[in-house]
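I opened this notebook to record what I looked up in the structure below. The entries run from the arrangement of domains to single residues.

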Amino acid sequence: MKDVYILAIESSCDETSCAIVKNGSVDIATVIATQIDIHTNFGGVVPEIASRQHLKNITMVIEDCLNKAHMTMDEIDAIAVTYGPGLIGSLLVGVEAAKTLSLIYNKPLVPVHHIKGHIYANNLNKTMEYPLIALVVSGGHTELVYMKDEYEFEKLGETLDDAVGESYDKVARVIGVGYPGGPVIDKMAKTGTHEYNLPIPLNDDSYNFSFSGLKSAVINLSHNYEQRGIELNKENLAKSFQDVVVETICKKTLKALLDKDVKRLIIAGGVAANSGIREGLKKVCEEHGIDCSYPDLKYCTDNATMIGAAGYFAYKKGLRADSTLNAKSSVSLT
Amino acid sequence: MKTLYLDTSSSFLYTAILEDSKIIKEIKEKLDNNLSVYALPRIEEMLKDANININEIEKIIVVNGPGSFTGIRIGLTIAKTLAWAKEIPIIPISSLEAMSLSAGEDYDYVVPAIDARRGFVYASIYDNQNDKFVMHEKHISLNVLLVALESIQGTTTFITNDNIEVDYNIKPYDPDISKIVENVMNRESVNPHAIDANYLKLTEAEENKLKEEENDNGN
């Protein structure tokens, strides 16, 4: 079969990225212009600043990617783009650029759901096999997805409030360790002990998550200690918090795997880089004979490579958009 | 020279395909929140009606603001992607300048104004007789602008499509695209990678941060 080259664009949050991916599995070239340093000054992503940066970066990122791949647009089979969910102003820059390229070069335009991209980041490591359960954990998402077959998605559950990454950021702010909170708390937790008692959130039989109560419990605990003039051990608090997060994630994920009688788990999204969550899930999977995999660290955070991987399967399925494609801040998986 | 004119900086789409400064086809349409959906398809249709392929465009003139932040980015992304891909010159023009160029000659002074909310406008003051701006474009409180206008001798009209309440004559904005293009087409073009929006205003987060820093310095 002829090789298929997808040029993919991702701009849903604070990374402007372009990639060229071969057959949904080979990263030919990836370019990411990150804005993390700018947003760190504001303690989180400022949507309007992110949009402004995307506009500045977009054509440069595409050009760098083509140069890196030593390819021209003529060699590209289709253009894939993240159309949602994400920050609307940010998404629009990528969508307009992709639509314009598609029109100029007369290439098919393939719309890709951001979460499907995160899931298909796993295909860049090894070929995904089905059925599987995908756990998507990032700064904006916490979802359990059942995939019966290639590019078929069924959402089993999701967070009812904060995403898991969001709760890390908020807790990091409370303990005063800065932004982004995930990597910092993960590191601190390694040297801490589980000293503080925190409630297991949404401890029920659903596949849904809730992290805002847990975050509030951490804030209350912190205020309580402050009032009593006792210093909290930050490492121990990080460990206590992370343990609860890992426990709730493992419990719900395992339930999905057992209920659906599926022997494969893939982890996706920026928080898949979290070592506590990785190790917790690995252990649970080993106990139950489940094959557990996650993307390379570089494909965990937002990037266009994963959009190119998902875009290939969407392209194969015949999914197309025309020049009326619009960006959507929220869009369901199925 | 086949030139594409594009302005998505307001709730309207203003676009035209021109041969030099002669309009071949133009579209003026209120699209509001559908700008992101229809801006590009309308350009596509316009080119089709004019029997011109997008690859035949030799120059782009694009309005880069001020106005709707999102709107500006839609037009600029289309324009800079096209200019980069086809390696053709791209020339930015301010929305306020495009408005003053379209105002006609029947008033001594023209005040193009765009609502910037919270009592503010993006505006400039153009002297029609001497063909120059007497107040360059600014993000300015409407009250301050009105005080500035009191010192001006001569007939004055606002030009705006927004709901701005003033005691001056108000002309609705209907772009004279031929005249705008004629005026700017020989200006120096900008590298497509470097072309950027002319927001005239920092983001709120940046403004608040500046205020904090000023307060810190004051203490």
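How far apart do the C-alpha centres of domain 1 of chain A and domain 2 of chain A lie? I note at the outset that this is a predicted model. I found the two centres 27 Å apart.

**Entry: domains of chain A**

I took the bounds next: domain 1 of chain A covers 5-121 + 301-316, and domain 2 of chain A covers 128-294. Their contact draws 11 residues from domain 1 of chain A and 16 residues from domain 2 of chain A. On the side of domain 1 of chain A that touches domain 2 of chain A, the elements giving two or more residues are helix 4 (114-120) and helix 10 (304-316) of chain A. Helix 4 of chain A gives the largest share of that side, four residues. I then sorted this side of domain 1 of chain A by class and obtained five nonpolar, five polar and one charged residues.

**Entry: domains of chain B**

I repeated the search for chain B, where domain 1 spans 2-94 + 174-202 and domain 2 spans 103-171. The centres of these two domains of chain B, taken over C-alpha atoms, are separated by 24 Å. Seven residues of domain 1 of chain B are in contact with six residues of domain 2 of chain B. The side belonging to domain 1 of chain B consists of three nonpolar, three polar and one charged residues.

**Entry: contact between the chains**

How many residues does each chain bring to the contact of chain A and chain B? I recorded 27 residues from chain B and 26 residues from chain A. Helix 1 (35-49) and helix 2 of chain B each supply at least two residues of the side of chain B that touches chain A. Helix 2 of chain B gives the most to that side, with 13 residues. By class, I recorded 15 nonpolar, seven polar and five charged residues on the side of chain B.

I then followed Ile54(B), which is placed in the loop between helix 1 and strand 4 of chain B. Setting aside residues up to four places away in sequence, I found that Ile54(B) touches Leu103(A), Ile104(A) and Leu47(B). Ile54(B) counts as partly exposed because it has 19 C-beta neighbours inside 10 Å, one short of the 20 at which a residue is buried. Its C-alpha atom is separated by 7.8 Å from that of Glu44(B), 10 residues away along the chain.

**Entry: nonpolar core**

In general, nonpolar side chains of soluble globular proteins tend to be buried together. I looked up the largest nonpolar core here and found 163 residues in it. Those with the most contacts inside this core include Ala8(A), Ile79(A), Leu265(A) and Ile60(B). Helix 2 (residues 69-86) of chain B contributes the largest share of the core, nine residues. I listed the contacts of Ile79(A), leaving aside neighbours within four places in sequence: Leu7(A), Ala98(A), Leu101(A), Ser102(A), Lys107(A), Leu109(A) and Val110(A).

**Entry: a helix pair in chain A**

How do helix 6 of chain A and helix 8 of chain A lie to each other: roughly parallel or roughly perpendicular? The axes of helix 6 (residues 181-191) and helix 8 (residues 234-259) of chain A come within 7 Å and cross at roughly 105 degrees. The two helices of chain A are therefore roughly perpendicular. Among the residues making this contact, I noted Ile185(A) and Met188(A) of helix 6 of chain A, and Ala238(A) and Phe241(A) of helix 8 of chain A. By class, the residues of the contact divide into five nonpolar, two polar and four charged.

**Entry: backbone exceptions**

Most residues other than glycine have a negative phi, and most peptide bonds are trans. I searched for departures and found a cis peptide bond joining Gly84(A) and Pro85(A), with omega about -10 degrees. Pro85(A) lies in the loop between strand 4 (78-84) and helix 3 (88-105) of chain A. In chain B, the peptide bond from Gly65(B) to Pro66(B) is cis, with omega near 0 degrees. Pro66(B) is placed in the loop between strand 4 (59-63) and helix 2 of chain B.

I also found positive phi values, near 50 degrees for His70(A) and near 55 degrees for Asn106(A). His70(A) sits in the loop between helix 2 (47-69) and strand 4 of chain A. Asn106(A) sits in the loop between helix 3 and strand 5 (109-113) of chain A.

Are these residues buried or exposed? His70(A) is exposed, with 9 other C-beta atoms within 10 Å. Asn106(A) counts as exposed because it has 9 C-beta neighbours inside 10 Å.

Definitions and conventions:
Residues numbered from 1 in each chain as written. Chains lettered and ligands numbered in written order. Predicted model: local features only at pLDDT ≥ 70, side-chain atom pairs only at ≥ 80, totals over all residues. Domains from an automatic or database assignment. Contact = placed C-beta atoms within 7 Å. Nonpolar A, V, L, I, M, F, W, Y, C, P; charged D, E, K, R; others polar. Core = buried A, V, L, I, M, F, W, Y, C linked by C-beta atoms within 7 Å. Buried ≥ 20, exposed ≤ 12 C-beta atoms within 10 Å, placed from the backbone. Axes fitted to C-alpha atoms, helices over the stretch in contact; angles between N-to-C directions. Parallel < 35°, antiparallel > 145°, perpendicular 65-115°, else oblique.
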